[in-house]
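Please look through the sequence and the model shown below before reading on. The report after them takes up a few helices, the sheets and one chosen residue.

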Amino acid sequence: MTADVLPQLTAEVRAAAHPGGAPCACGTITLADRPDATVLRHAETVAKAHAPGTDPADLARRLATAAHLPGLLLAPLTATPATVLGTRPVTLWPYGRPVDPDAPEAAPWEAAATLLARLHRTPPLPATPVMRGPAKAAHAVARLRRALVAAPAHPAAAPVLRAWSALPAWARADAPMPGARALCHGDLHLGQLVRHPAPDGPWRLIDVDDLGVGVPAWDLARPASWYACGLLPPDEWTRFLAAYRAAGGPAVPEEGDPWPALDVPARALTVQTAARYLAKALAADRALDEVERSLIDACARMAPE
């Protein structure tokens, strides 16, 4: 976290949590601190400093969608970015209880799938931006290429980059997305769900940074990728897919094989995740772990030499 962001973001979240400025004994908790997001919680309020270079106008349109769909997305406390820290817009949110990472058996796959299906069936608001999923994948590969400057001969890099090159242009953010467009989350994983009101309210989707119109199958691609790579048990994938279909989700056919619709997005998410993990391993100068190797192996199967 940069030195200039922390005090300003702390002041922002304290002021939002206690509008009258009264003294409090609440601590400020760091929920996330990455180059693309710094998130603080104070009492029941959360402040997020978005990635440098985030377009405030696009972010405001995404916030408008969240405010418009409080039954699907966690609604922001304000409909426009609260302030800007240099090049970092700040948004304010109510606190919601996240998925418990230590209780995988309670993972809300059905809730996630149902929320996605309902989101995909919702007409987007006018001027809704394009979903950023492919752009995010391209960013991960670009980050890997930068990391490879210091380790150009790393054996895991070649299968990742071959798999990336084998994807169609739209999945690499080099061309417009094809087909009918839907309102999409853009970065679906279980960390993007919270219960609100905490602790036991209904599940809601969070994080609107990548939300927009695009190919709805992209939102199913991460669990599909994990299933294909052996990282998600078949019964959990089956529960997720069945719940999505039961809720009328348009990304896959109502019956039959879903993979013709999911193949390209799932391959793209496999490459994105492998590229991100490999870049982190290179930066830390460490060996790949078992999960990371399974993703590299999947990339090798997608685009053999």
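Which residues are exposed on the other side of H4? They are His139 and Arg146, where exposed means over 50% relative accessible area, buried means under 20% and partly exposed lies in between, with a 1.4 Å probe and protein chains only. This is a predicted model, in which local features need pLDDT of at least 70 and side-chain atom pairs count only at pLDDT 80 or more, while totals for chains, interfaces and linings use all residues. Residues are numbered from 1 along each chain as its sequence is written, and side-chain values use heavy atoms, with hydrogens and water left out.

**Helices H4 and H1**

Helices (H or I, at least four residues) and strands (E, at least two) are DSSP runs numbered from the N terminus. The buried residues of helix H4 are Gly133, Pro134, Ala137, Ala140, Val141 and Leu144. They cover an arc of only 120° around the axis, which puts them on the same side of H4; the arc is that of the directions from the helix axis to the C-beta atoms. An α-helix has 3.6 residues a turn, so residues three or four places apart point the same way. Among the elements that cover the buried residues of H4 are helix H5 (157–165) and H8, with contact meaning heavy atoms within 4.5 Å.

In helix H1, the buried residues are Val5, Leu9, Thr10 and Val13. Seen down the axis of H1, these buried residues fall within an arc of 115°, so they line one face of the helix. Their cover includes strands S1 (28–34), S2 (37–42), S3 (45–50), S4 (83–85) and S5 (88–94).

The table sets out the lengths of the two helices, where the expected span is 1.5 Å times one less than the number of residues.

| Helix | Residues | Expected span | Distance between end C-alpha atoms |
|---|---|---|---|
| H1 (residues 5–17) | 13 residues | 18 Å | 18 Å |
| H4 (residues 133–147) | 15 residues | 21 Å | 22 Å |

For H1 the expected span and the distance between the ends agree, and the same is stated for H4.

**The sheet of five strands**

An open sheet of five strands has the order S1-S2-S3-S5-S4, with antiparallel pairing, two strands being paired if DSSP finds at least two bridges between them. S1 and S4 are the edge strands, each pairing on one side only, and the twist averages 25° from one strand to the next. H1 packs on this sheet, touching S1, S2, S3, S4 and S5, and its direction makes about 40° with that of S2; axes here are lines fitted to C-alpha atoms, for helices over the stretch in contact, and angles run from 0 to 180 degrees between N-to-C directions. Helix H2 (residues 56–68) lies across S3 and S5 and runs at about 15° to S5.

How many of the six residues of S3 are buried? Six of the six are, so S3 is largely enclosed by the rest of the structure. In a regular strand the side chains alternate between the two faces of the sheet. In S3, Thr45, Ala47 and Ala49 are buried on one side, and Val46, Lys48 and His50 are buried on the other.

S2 and S3 pair in the antiparallel sense over six bridges, and Leu40 stands opposite Ala47 in S3. The hairpin of S2 and S3 has two residues between the strands, and in it Ala43 takes a positive phi near 55°. S3 also pairs with S5 in the antiparallel sense, over five bridges, with Lys48 opposite Thr91 in S5. S4 and S5 run antiparallel and are joined by three bridges, and Leu85 stands opposite Arg88 in S5.

**The sheet of three strands**

Three further strands form an open sheet in the order S6-S8-S9, with antiparallel pairing. Strands S6 (97–98) and S9 (203–205) stand at the edges with a single partner strand each, so one side of each is left without a neighbour in the sheet. Helix H3 (residues 109–120) packs on the sheet, touching S8 and S9, and its direction makes about 50° with that of S9. Strand S8 (residues 193–195) pairs with S9 over three antiparallel bridges, and Arg195 stands opposite Trp203 in S9.

**Thr270 in helix H8**

Thr270 lies in helix H8 (residues 259–284) and counts as buried at 4% relative accessibility. A polar atom of the Thr270 side chain lies 2.8 Å from the backbone oxygen of Ala266. Leaving aside its neighbours within four places in sequence, Thr270 is in contact with Ser225, Cys229, Leu295, Ala298, Cys299 and Met302.

How values were computed:
A polar contact is a pair of N or O atoms within 3.5 Å; within protein, one must be able to donate a hydrogen and the other to accept it, and residues adjacent in sequence count only if both atoms are side-chain atoms.
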